[in-house]
Amino acid sequence: MKYHTLRGMHDILPEEAEKIHRVEVIARRVFKNFNYSEIKIPTLEEASLFLRTIGETSDIVEKQMYIFKDKGDRTVALRPEGTAGVVRAFIEHNLDGRAAITKLFYCGSMFRYERPQEGRYREFEQIGCEYFGNSTALCDAEVITVAKKILDECGVKQKILINSIGCKKCRPSYTKIITDYASKIKHTLCNDCQRRLAQNPLRVLDCKIDAPKLKDFPKSEEHLCDNCKTHFNQLKNILESQDIDFEIEHRLVRGLDYYTGVVFEIKSDNLASQDTIAAGGRYDGLVEELGGKPTPACGFALGVERLILSSKLSEIPQQKKIFIAITNISFQKNALNLASSLRNKNYTVDGPFAGKSLKSQLNLASKLGFQYVVIFGEEEFKKGEIILKDMNSGEQKRVTTQNIFEKIQGEQDETKISAT
Ligand code: HAM
């Protein structure tokens with residue numbers, strides 16, 4: 001019997017894993033630039049943590065959670081997202097006691113039992129951050145800037161959409177306005193929206209089926225309280241002052257219950273479906289809701305697979321890889337010495353391989369995607385030289401073991417590499 005991955009799960013093969021690694025390297029650097037520290041949280045949590053935070057009527061909780069009883073009869077769930085777990089950890093470890101602000105980031109697998117398609121999987125990788133303790137619009141602007149910078153550096157063409165869905169004070173009245181508005185055409189709405197009208201009315205605004213029927217819906221921006229209005233205007237001003245392009249998307253309400261005020265999504269220009277690469281917003285009530293002190297907070301998460309689908313990562317130059325070939329076993333020691341020196345300089349090096357003809361070594365180097373092959377040949381070695389072959393252009397140069405490094409770099413480098 002042959003085994004296959006479960007539906008919606010996917011193996012991450014080396015090329016994809018390498019891209020994920022590169023995204024993580026870029027993200028970690030950006031987070032560090034903005035003074036975020038990494039947090040690692042468990043994959044499994046009490047299911048009620050997600051029910052309470054994401055919301056019982058959200059799609060995630062209603063349809064997509066991997067939820068089961070463990071051997072201790074506890075109802076647990078594979079995390080569908082990172083925010084709830086980070087907030088739990090923030091409270092559990094009194095992280096707010098250390099300083100007035102706390103800035104955390106995370107990378108890891110999330111699980112949602114969704115209908116699989118390109119860019120939508122049942123296990124997927126998120127990179128996200130949560131910024132606690134700053135209620136100003138500068139915090140929202142920073143979170144958006146961080147997301148944008150990571151996507152920019154990965155070569156993703158993007159569009160930033162923002163909205164404000166109001167706070168505890170102004171959202172209930174706006175929700176009522178939308179309920180009244182949509183109720184007038186209730187009989188024409190899809191089954192999901194008829195149900196949403198009773199449980200989660202704002203979600204009718206971003207329903208793919210019903211959106212066209214709700215063309216002239218009242219906009220939340222026009223119904224914000226003074227605080228939310230000022231905050232939203234300040235955010236717009238900061239983004240403008242930093243030349244960050246954005247659009248106001250009045251339909252943007254997000255599918256998770258914990259948001260208050262500013263919400264945003266970043267979409268890719270070149271993905272047809274599943275084009276939301278990153279999303280987030282402010283959630284000022286969540287820490288208190290889970291038993292912590294009242295703490296303003298804002299964050300985002302990006303989907304790494306979606307980012308890779310829409311990125312130009314494969315066009316970003318990679319670290320050069322060098323293959324070492326020998327024409328005679330007597331060069332093995334020198335070849336191993338050179339390999340070791342190059343690895344100490346952080347190059348990816350493979351070889352030498354004993355017992356293979358030069359032709360088959362070159363073949364192997366080409367199949368493995370090596371850009372350079374260093375060949376130890378009889379004639380050249382007598383003169384203290386080796387051959388450097390550029391596999392892309394086919395060009396071959398004789399170089400000394402001392403200047404191979406500068407030839408590969410394409411620039412002067414005084415570092416001496418010893419092959420003896
Ligand atoms: P979310 O919008 O549910 O937000 O997910 C964020 C991103 O994860 C999406 O924009 C998408 O790129 C990716 N994603 C979601 N579901 C899938 C899937 N099934 N397959 C592949 N990628 C997927 C959150 O998770 C919030 N926790 C974001 C946040 C952080 N808000 C505040 N802080």
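**Exercise 1. Identify the residues of α1 that are buried, and the elements against which they pack.**

Solution. In this predicted model, the buried residues of α1 are I20, R22, V23, E24, I26, A27, V30 and F31.

Step 1. Locate the helix. Helix α1 covers residues 14–33, which gives it 20 residues. From its first C-alpha to its last it reaches 28 Å, close to the 28 Å expected at 1.5 Å a residue.

Step 2. Consider the spacing. An α-helix has 3.6 residues a turn, so residues three or four places apart point the same way. The list of buried residues in α1 includes I20, V23, A27 and V30.

Step 3. Find the partners. The buried residues of α1 pack against two helices, α5 (137–153) and α10 (304–309), and against the strands β5 (102–111), β6 (123–132) and β11 (297–303).

**Exercise 2. Describe the residue with positive phi that follows α1, and decide whether it is buried or exposed.**

Solution.

Step 1. The residue that follows α1 is N35. Its place is in the loop between α1 and β1 (37–38).

Step 2. The phi of N35 is near 70 degrees, a positive value in a residue other than glycine.

Step 3. N35 counts as exposed because its relative accessibility is 56%, and the cut-off for exposed is over 50%.

**Exercise 3. Place R254 in the chain and classify it as buried or exposed.**

Solution.

Step 1. R254 is in the loop between β8 (247–248) and β9 (262–268).

Step 2. Phi of R254 is positive, near 70 degrees, and the residue is other than glycine.

Step 3. R254 has a relative accessibility of 14% and therefore counts as buried; the cut-off for buried is under 20%.

**Exercise 4. Characterise α5 by its span, its buried residues and the residue that follows it.**

Solution.

Step 1. α5 has 17 residues, and its first and last C-alpha atoms are 24 Å apart, close to the 24 Å expected at 1.5 Å a residue.

Step 2. Its buried residues are A137, C139, D140, A141, E142, V143, I144, V146, A147, I150 and L151. α5 is also one of the elements against which the buried residues of α1 pack.

Step 3. G155 follows α5, with a positive phi near 75 degrees.

**Exercise 5. Determine which residues come nearest to the ligand, what the shell is made of, and how far the protein covers the ligand.**

Solution.

Step 1. There are 27 residues around the ligand, of which E81, T83, E114, E130 and Y259 come nearest.

Step 2. Sort the shell by character: 12 of its residues are nonpolar, eight are polar and seven are charged.

Step 3. Assign the shell to strands. β6, β10 (276–282) and β11 each supply at least two of its residues. The largest share, six residues, comes from β10.

Step 4. List polar atom pairs. A polar side-chain atom of T83 is 2.8 Å from a nitrogen atom of the ligand. A polar backbone atom of I277 lies 2.9 Å from an oxygen atom of the ligand. For G299, a backbone N or O atom is 3.5 Å from a ligand nitrogen atom.

Step 5. Turn to the cover. Of the 660 Å² of accessible area that the ligand has on its own, the protein covers 96%.

**Exercise 6. Establish whether E45 is buried or exposed, and with which residues it is in contact.**

Solution.

Step 1. E45 lies in strand β2, residues 44–46.

Step 2. Its relative accessibility is 8%, so E45 counts as buried.

Step 3. With neighbours within four places in sequence left aside, E45 is in contact with F50, V76, A77, G85 and R88.

**Exercise 7. Find the separation between the C-alpha atoms of E92 and G292, and classify E92 as buried or exposed.**

Solution.

Step 1. E92 is found in helix α4, residues 83–92.

Step 2. E92 is exposed because its relative accessible area is 52%.

Step 3. Although E92 and G292 are 200 residues apart along the chain, their C-alpha atoms are separated by 8.5 Å.

Step 4. Set this pair beside the whole chain. Among contacts with a separation of 6 or more, 68% are between residues 24 or more positions apart.

Technical notes. Residues are numbered from 1 along each chain as its sequence is written. This is a predicted model: local features need pLDDT of at least 70, side-chain atom pairs count only at pLDDT 80 or more; totals for chains, interfaces and linings use all residues. Side-chain values use heavy atoms; hydrogens and water are left out. Helices (H or I, at least four residues) and strands (E, at least two) are DSSP runs, numbered from the N terminus. The expected span of a helix is 1.5 Å times one less than its number of residues. Buried means under 20% relative accessible area, exposed over 50%, partly exposed in between (1.4 Å probe, protein chains only). Contact means heavy atoms within 4.5 Å. A residue is near a molecule or strand if one of its heavy atoms lies within 4 Å of it. A polar contact is a pair of N or O atoms within 3.5 Å; within protein, one must be able to donate a hydrogen and the other to accept it, and residues adjacent in sequence count only if both atoms are side-chain atoms. Accessible areas come from the Shrake-Rupley method with a 1.4 Å probe; for residues, only the protein chains shown count as cover. Ala, Val, Leu, Ile, Met, Phe, Trp, Tyr, Cys and Pro count as nonpolar, Asp, Glu, Lys and Arg as charged, and the others, Gly among them, as polar.
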